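Hi everyone, thanks for making time. I'd like to walk you through one model today, so let me put it up on the screen.

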Amino acid sequence: MTSTRRDFLKKATLSGAGIVGAGMMSCSRASGSDPFPQKQGQTFNMSGYAAPGLDVVRIGIVGLGNRGTGTVRRLASIEGVEIRALCDLEPDRVQRSADLIEHLGHKPDFYSGDEDAWKRMCEKPDLDLIAIATPWHLHTPQCVYAMENDKHAYVELPAATTMEECWELVETSERTRKHCVQMSGSCAGGLSATILNMVRQGFFGDVIHGEGCYIHTLTGFYLFDKDMYHNMWRLNENIGRSGNLYPQHGMVPIMQMMDIGYGDKLDYCCSISSDDFDLGPTAERLAAEDDYWKQYVGRDYRGNMNVTVFKTVKGRTIVMQHDVSTSRPRGRSMLSGTRAFYETGPARLSTTEQHTGWGSYRWLADEEFREVQEKYTPETNRRFAEFTRLAEQIDRGGHSYYRTSPVDWRLIDCLRNGLPVDMDVYEAATSSAVTPLSIYSAKNRAFVENIPDFTKGAWETNQRGLDLNFERGGGTTKLV
Ligand SMILES: NC(=O)c1ccc[n+]([C@@H]2O[C@H](COP(=O)([O-])OP(=O)(O)OC[C@H]3O[C@@H](n4cnc5c(N)ncnc54)[C@H](O)[C@@H]3O)[C@@H](O)[C@H]2O)c1
């Protein structure tokens, strides 16, 4: 090789390295500035941990608004539950909730009147579980305080809103050996439990891709309603941060179908948010007629739509969407594997045998789909349906309308039987971490984020959560 050619190649290589280097510089964070660094060294593994069984689960509930009132009724519908304490800022809400369950024999103590009344409730010694249905900013402080006071925490979505809070939940749960369980957004019951059972029994082959969302228009009738919820907390949550603010309903079922936390792990993600086209204009329109809304004009509202894309360590992909302000129909969820495809809204299923070529698929006919569902209905669904039927035969003054959810029922059943809970603190932290990750990534032009591993490596050997077929026991707690 001539020296001229060698010089040329050397220069080309260097400039190529320069180009690559410049490119990498522009899309990688400066050394040491990882916004969400991974922590090391698990204190104790809460995955698969079984707390000592409880004959009676004594519960205190905080936050008795729209959702919490239902929480009181749902939990009071389970055998072996005693509602021993109720808490809300508003004394009349405490009284209202107590009245709703009096006929079932519950005589709760009342906690009310000041911002910290819930702390006194958590300190009450004769409670096992604190159920939390307050505004989002209170969730982590209340879970942490409950666990530190020797109570399990059962919390509405999202368990946490920042990465610091996610870690705080994990560390507190591991240190205290108290469970921290999210209250919904799971495959614990209904058709999603059947689909999860099918996934686990290989119906889908290898799971490749999942999509989920929370697309639910709240602008017109809800977010801007002064009387509909406490102190405008929902609207305020949509100011100053733009991302997926409520990922759990879509995310947790797909995490469960992909064994995230027990066999696979979320690796990295990136996120994009649209601008806001609704919240700001709505505030302006309302402010023209009512001075109250002037404080909401010109605020930094979240964008209408957020889309976040994930890759798992085992090579799967996930797309999550969040939109509460666009006037449009609700979104869909879907799951695709090497052998089958499922989507919601309306629910329908197709298998590779239904592939008719050139990308065309035949959906299973209603009758065929029903047969598949019947075959794969998990034992938990069957038992829950059986207990619901039994409870309906007991006339307790119209109580049946407020029957409990499968998530509530299984939590109480696991606690009473001394079994690991179906959803652990790592699931709560991982799904909640989507919020800070998406906010940061969307703010930084879809910057690719590493996703912290809250199990600190234990995901590789952890046993599956959500015991759909009572393989570990349980299923003995009835409904009342
Ligand atoms: N899983 C679901 O499908 C679902 C559905 C609806 C709501 N939620 C969740 O439920 C929670 C509550 O939502 P909501 O619609 O009932 O709101 P809400 O405003 O109607 O109720 C909140 C209640 O918390 C009380 N509260 C506020 N600060 C308090 C404090 N310091 N101490 C004690 N009580 C306090 C308020 O007085 C109010 O009664 C939220 O986290 C929401 O995301 C979940």
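Before we go to the ligand, a word on terms: the helices and strands I name are DSSP runs, with at least four residues for a helix and at least two for a strand, numbered from the N terminus. A residue belongs to the shell if its C-beta atom, placed from the backbone, lies within 6 Å of the ligand.

Please keep in mind that this is a predicted model. The mean pLDDT of the protein is 91, and 92% of the residues reach 70 or more. Helix α5, residues 139-148, has the highest confidence at 99, while helix α1, residues 3-27, has the lowest, with a mean of 36. Over residues 1-31 pLDDT stays under 50, and the model has two contacts beyond four places in sequence for that stretch. Where pLDDT is low, the predicted coordinates should not be read in detail.

Now, the ligand. Its shell holds 26 residues, and the closest are G65, N66, R67, Y229 and H230. Two or more shell residues come from each of α2, β2 and α4. Which element gives the largest share? That is α2, with three residues. By class, we have 13 nonpolar, seven polar and six charged residues around the ligand.

Last stop, strand β11, residues 334-337. L335 and G337 point to one face and are buried, while M334 and S336 point to the other and are not. β11 runs antiparallel to β7, with four bridges joining them, and M334 stands opposite E211. β11 also pairs with β12 in the antiparallel sense over three bridges, where L335 has Y342 as its bridge partner. A hairpin of two residues links β11 to β12.

Thanks, happy to chat!

How values were computed. Residues are numbered from 1 along each chain as its sequence is written. This is a predicted model: local features need pLDDT of at least 70, side-chain atom pairs count only at pLDDT 80 or more; totals for chains, interfaces and linings use all residues. pLDDT is the predictor's confidence in each residue, from 0 to 100. Two residues are in contact if their C-beta atoms, placed from the backbone, lie within 7 Å. Ala, Val, Leu, Ile, Met, Phe, Trp, Tyr, Cys and Pro count as nonpolar, Asp, Glu, Lys and Arg as charged, and the others, Gly among them, as polar. A residue is buried if 20 or more other C-beta atoms lie within 10 Å of its own, exposed if 12 or fewer, and partly exposed in between; C-beta atoms are placed from the backbone. Two strands pair if DSSP finds at least two bridges between them.
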